[in-house]
Structure formats: structure tokens, C-alpha cells
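Reader: I should be grateful for a close look at a single part of this model, namely its largest nonpolar core. Please set out what builds that core and what lies around it.

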Amino acid sequence: MNARTEPAAAKPRSPARPPLVRELLLVAGLFLVYKFGRQLATGHTGEAFRDAHRVWDLERTLHLPGEGSVQSLLLHGDTFAHLANTYYATVHFPATAAFLIWLYLRRPAHYVWARRVLAAVTAAALVLHLVFPLAPPRMLAATGLVDTARIYGPSVYGPPQTDHLSNQFAAMPSLHFGWALMVAIGLIVATRSRWRWLWLLHPLLTLLVIVGTANHYWLDAIAAGALLGLALAVIHLPHRTVTTAGRAQEKLIPAAGPAEPVEPALVGAGR
């Protein structure tokens, strides 16, 4: 009777989770660099309003739908406007942070990929904020839009002249939309549930909120989507590596002679 061994199935090697302290310092450092960089773009009021007129006119030339059609839906009652302002003020950072934390704990390889993509998109957005300051539509009288956050609350911005914590002339591109779209794409890629495509509701709702509250133009979201597309094209999701050691041993053991029985050997044993 021939004794044969079953080849050992090669199992994917689990990707190493990056050191927690290093990741916390890295993410915090990127955030501080971004906040500091945004401050470099402040003070370009005249240029920001000139660019705003150009963007508004370009949207009309392209026959994009008016932002006012979205805002009119929110102005049917105080409740809708207040909810939209609350979503704008409170969901952006916590949702992105929760997304990264979940990936770090459950999908380390996806976490590294998502963190790199978000960092690339944010860095590119910072450069665009510096070279193309843009006043949001709520500041541009030609749009006919109202500042829903100022009227209905809550508002994350103060008067531009006294608001030293944020750059209100950094509308292009919209990181609210860019980050929300990346959260949806990352969760769709990292999960296998049949319901995972519902994550696209997050960027869709974010898009309606940023436009309806007059914080962004349609083109701000389009620019963010384009930057994200470029980042995803360059930064690929790493595939899990497969152990190749011992593959040469994955073969049948010759039959043992009757006088010298041989115990079946496990492939890769003793590694």
C-alpha cells in the first residue's frame, strides 16, 4: 500500500499592522501640516472673489444645474436646513477617522492604502488652495444663495475677517466630498457584503449638503473626484503575499518498502 502525503495548502500571509504610535503621529502631523498650509492661503480676498465669478460663469457655460435648486429643498423648513448644517459640521472628520480606525483594526493592508490615498488627495488639495483661492457660493452675491449655517445654525465658520482657525477661501476642491467618496470606495473594496454599495449614499448625501448649504460649487466636488481618481490610479491596493517557501516540497512522497514503513511526512513540517 502506497503512503502518500497531501500537499500543504499555501495560506496568505497576514499583512503586518503598522505600529499604532507611529500612525497616530503620522496622521496628526499630516493634519497639522494641512491646517497650517490652509492658513498660508488666507488674505487673498480679491483673488478669491474673482475666481468665484469665473467658476460661477464656467458652470453656467457648462449648463450645470444651479446650486439654488438644491438649496431650495432645504429652505422648505428650518429643520432640513439645520440638519444639513449639522451634517456638514459634524460628520466630515469623525466619519473619516472611524473609517481609518476600522481599517487599521480589521484590514491593515487596506488601511495603509487608504491612508496613502487620503494623504495624496489632501496634499494636492492644499496646493490647489494656495494657487487658486476661491470664495464659496454663500459669499458670492451673484449666486443668489444664502448662508444657511449663519441663518439656521450651527455654523463652523465665523466672519472671514476674524476667523483665524480656518481658511474660508479654500472651496476648490471640496475635501468634504473627496474624503466621503474615498470612505465609500474603501469600504466597498474592503468588505464583501451585498449591501456594501450603499456606502455610496455617504458621498451622495455629502454632495447634496455641501451644495445645498452654499459651501461649495458643483465644480468643487468634480475637482475633488478628479484628484481622488488620479490618486487611486497611482496608489494601488497591495495584494496579499503568499508564502512561496517549501513549494518545491509540495509533491508526492515515494512509496515505502514493505520492510521499512515510512510515516507520511507533512509538507513544510519543522519550518
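Author: The following account begins with the core and then turns to its surroundings. The model is a predicted one, and every value below is computed from it.

The largest nonpolar core comprises 37 residues. Phe-99, Ala-114, Val-117, Phe-177, Met-182 and Leu-207 are the residues with the most contacts inside it. At least two residues of this core come from each of H3, helix H4 (78–90), H5, H6, H8, H9 and H10. H6 supplies the largest share, nine residues. Such a grouping may be set beside a general tendency: in soluble globular proteins, nonpolar side chains tend to be buried together.

Val-117 gives a local view of the packing. Leaving aside neighbours within four places in sequence, Val-117 is in contact with Met-182, Leu-228, Ala-231, Leu-232 and Ile-235. Apart from the largest core lies another core, of 14 residues, which includes Ala-52, Ala-171, Met-172 and Ala-223.

Helix H10 deserves separate attention. Helix H10 spans residues 218–234, has 17 residues and reaches 25 Å from its first C-alpha to its last, close to the 24 Å expected at 1.5 Å a residue. Its buried residues are Trp-218, Leu-219, Asp-220, Ala-221, Ala-223, Ala-224, Leu-228 and Ala-231. Of these buried residues, Leu-228 and Ala-231 are also among the contacts of Val-117, while Ala-223 belongs to the other core. An α-helix has 3.6 residues a turn, so residues three or four places apart point the same way. The cover over the buried residues of H10 includes helix H2 (45–61), helix H3 (67–74), H6, helix H8 (175–190) and helix H9 (201–212).

Helix H6 also holds His-110. This histidine counts as buried because its relative accessible area is 15%, under the 20% limit. Not counting residues up to four places away in sequence, His-110 touches Leu-103, Val-189, Ala-190 and Leu-237.

The largest pocket completes the picture. About 620 Å³ of space lies in this pocket. Of its 23 lining residues, Val-27, Ala-28, Leu-30, Phe-31 and Leu-100 are the closest to its centre. Helix H1 (20–40), helix H5 (92–106) and helix H6 (108–131) are the elements that give two or more residues to the lining. The largest share, nine residues, comes from H1. By class, the lining has 19 nonpolar, two polar and two charged residues. H5 and H6 thus appear both in the pocket lining and among the suppliers of the largest core.

Conventions:
Residues are numbered from 1 along each chain as its sequence is written. This is a predicted model: local features need pLDDT of at least 70, side-chain atom pairs count only at pLDDT 80 or more; totals for chains, interfaces and linings use all residues. Side-chain values use heavy atoms; hydrogens and water are left out. On a 1 Å grid over the protein atoms alone, a cavity is a set of points where a 1.4 Å probe fits but cannot get out, and a pocket is an open set with protein on both sides within 12 Å along at least five of seven lines; lining residues have an atom within 4 Å of a point. Grid points are joined across faces, edges and corners, and a volume is the space filled by probe spheres set on the points. Helices (H or I, at least four residues) and strands (E, at least two) are DSSP runs, numbered from the N terminus. Ala, Val, Leu, Ile, Met, Phe, Trp, Tyr, Cys and Pro count as nonpolar, Asp, Glu, Lys and Arg as charged, and the others, Gly among them, as polar. The expected span of a helix is 1.5 Å times one less than its number of residues. Buried means under 20% relative accessible area, exposed over 50%, partly exposed in between (1.4 Å probe, protein chains only). Contact means heavy atoms within 4.5 Å. A nonpolar core is a set of buried Ala, Val, Leu, Ile, Met, Phe, Trp, Tyr and Cys residues joined through side-chain atoms within 4.5 Å.
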